[in-house]
Amino acid sequence: MKSLFDTVSFKCSKLVTQNYSTSFSLAVKMLSPSIREAIYSIYGFVRFADEIVDSFHEYDKENLINDFEKEYYKAVEFGISLNPILNSFQHTVKEYNITDDLVQAFLKSMKLDLIKSTYNSQTEYEDYIYGSADVVGLMCLKVFVKGNEQKYEQLKNEAMSLGSAFQKVNFLRDLKDDNLVLNRNYFPGVDLNSFDENAKTTIINEIEEDFRIAYQGIVKLPIEAQFGVYTAYIYYKKLLKKLKNTPYYEIGSSRIRVSNYTKAGLLAQSFVTYKLKLV
């Protein structure tokens with residue numbers, strides 16, 4: 001029965017989320033059960049594409065990402081894929097009317113990682129972030145509003161700001177690996193070999209403004225999504241605070257993390273704040 005295969009497919013997407021990101025997985029658990037599977041399927045899709053371009057160094061990455069894209073469109077056309085990640089994602093795309101421009105923008109940014117290592121202008125930087133992060137926020141927003149296009153348009157800019165904030169925090173946290181392992185520099189006008197406190201402060205100020213805008217949307221989200229998104233917001237704000245308090249030379253030489261113990265504390269803090277209706 002196809003329904004059993006679909007169930008297994010969504011469980012695979014959940015497993016991918018749990019194994020690749022404990023923080024995102026924790027946030028998804030705080031969403032209403034009615035939308036968790038869809039968010040897992042989105043994460044599984046974007047994670048696999050990201051792994052292709054970031055991790056599979058001993059394989060033909062271009063071939064892999066192109067095949068991944070082709071198999072996705074076959075899944076959409078036929079309503080099934082033997083790749084369980086693509087099978088679950090195509091279900092979510094159809095159920096929540098995730099438009100193809102969002103998928104295409106995401107895949108475009110992933111492919112850029114194969115051919116582009118430096119972003120020299122603000123336009124290039126913003127275009128990459130739109131495709132790699134903002135559209136993922138918009139895909140999730142499609143699920144959160146459950147087809148309410150008026151609500152989607154109302155919260156669209158804030159969802160994009162949250163995606164941007166998360167991505168820029170990741171860029172800053174992963175500065176060492178991006179520079180030394182992947183030979184990438186996403187920040188325009190920043191020489192990573194002479195990264196200093198001024199450059200760090202400029203980036204952090206930009207991220208804090210993204211978070212400020214994003215919060216205005218979080219408080220307007222449907223009840224099914226609000227606590228989960230707020231949990232992710234709190235986690236990334238904590239990570240940004242750690243980066244802010246870390247000397248610039250350590251950011252370039254080590255990867256800053258939030259411990260599992262701290263994550264548990266943040267979850268408790270988020271829960272109390274939410275229950276007291278302070279969000």
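These legends accompany an overview and six close-up views of a predicted model.

**Overview. An all-helical secondary structure.**
The protein has 13 helices and 0 strands. Read along the sequence, the pattern is α-α-α-α-α-α-α-α-α-α-α-α-α. The chain counts 279 residues, and 51% of them are buried. Among contacts with a separation of 6 or more, 70% join residues 24 or more positions apart. The accessible surface comes to about 13600 Å². Carbon and sulfur atoms contribute 53% of that surface.

**View 1. Helix α7 and its kink.**
Helix α7 covers residues 122-145. A kink of about 45° is centred on Y130. The helix is mostly covered, with 18 of its 24 residues buried.

**View 2. The residue that follows α7.**
K146 comes just after α7. Its phi is positive, at about 50°. The preceding helix, α7, ends at residue 145.

**View 3. A nonpolar patch on the surface.**
Three residues make this patch: M1, L4 and V8. The patch is nonpolar and measures about 370 Å². L4 sits in helix α1, which spans residues 2-20. Is L4 buried or exposed? L4 is exposed, because its relative accessible area is 58% and the cut-off for exposed is over 50%.

**View 4. S109 and its partners in sequence positions 127 to 132.**
S109 lies in helix α6, residues 100-115. S109 counts as buried because its relative accessibility is 2%, and buried means under 20%. Which residues does S109 contact, leaving aside neighbours within four places in sequence? They are D127, Y128, G131 and S132. With Y128 there is also a polar pair to look for. A polar atom of the S109 side chain lies 3.0 Å from the backbone oxygen of Y128. Helix α7, at residues 122-145, is the helix that holds the kink centred on Y130.

**View 5. A49, a buried alanine in α3.**
A49 is found in helix α3, residues 33-55. Its relative accessibility is 0%, so A49 counts as buried. Leave aside the neighbours within four places in sequence, and the contacts of A49 are I65, F68, F106 and M110. Helix α6 runs over residues 100-115. How far apart are the C-alpha atoms of A49 and L64? They are separated by 8.9 Å. Along the chain, A49 and L64 are 15 residues apart.

**View 6. Q90, a buried glutamine in α5.**
Q90 belongs to helix α5, residues 84-95. Q90 has a relative accessible area of 1%, so this glutamine is buried. Where does the Q90 side chain reach? It reaches the backbone oxygen of N87, at 3.3 Å. Beyond the neighbours within four places in sequence, Q90 is in contact with A75, V76, G79 and I80. F78 gives a further reference point for this view. The C-alpha atoms of Q90 and F78 are 9.8 Å apart. The two residues are 12 positions apart along the chain.

Definitions and conventions
Residues numbered from 1 in each chain as written. Predicted model: local features only at pLDDT ≥ 70, side-chain atom pairs only at ≥ 80, totals over all residues. Heavy atoms only, no water. Helix = DSSP H or I, 4+ residues; strand = E, 2+ residues; numbered from the N terminus. Buried < 20%, exposed > 50% of the residue type's maximum accessible area, 1.4 Å probe, protein only. Contact = heavy atoms within 4.5 Å. Areas by Shrake-Rupley, 256 points an atom, 1.4 Å probe, with all protein chains shown as cover. Bend = angle between axes of the 7 residues up to and from the residue. Patch = residues over 30% accessible without salt bridge, like charges linked within 9 Å, V, L, I, M, F, W, Y side chains within 5 Å. Salt bridge = Lys/Arg side-chain N within 4 Å of Asp/Glu carboxyl O. Polar contact = N/O pair within 3.5 Å; in protein donor to acceptor, adjacent residues only side chain to side chain.
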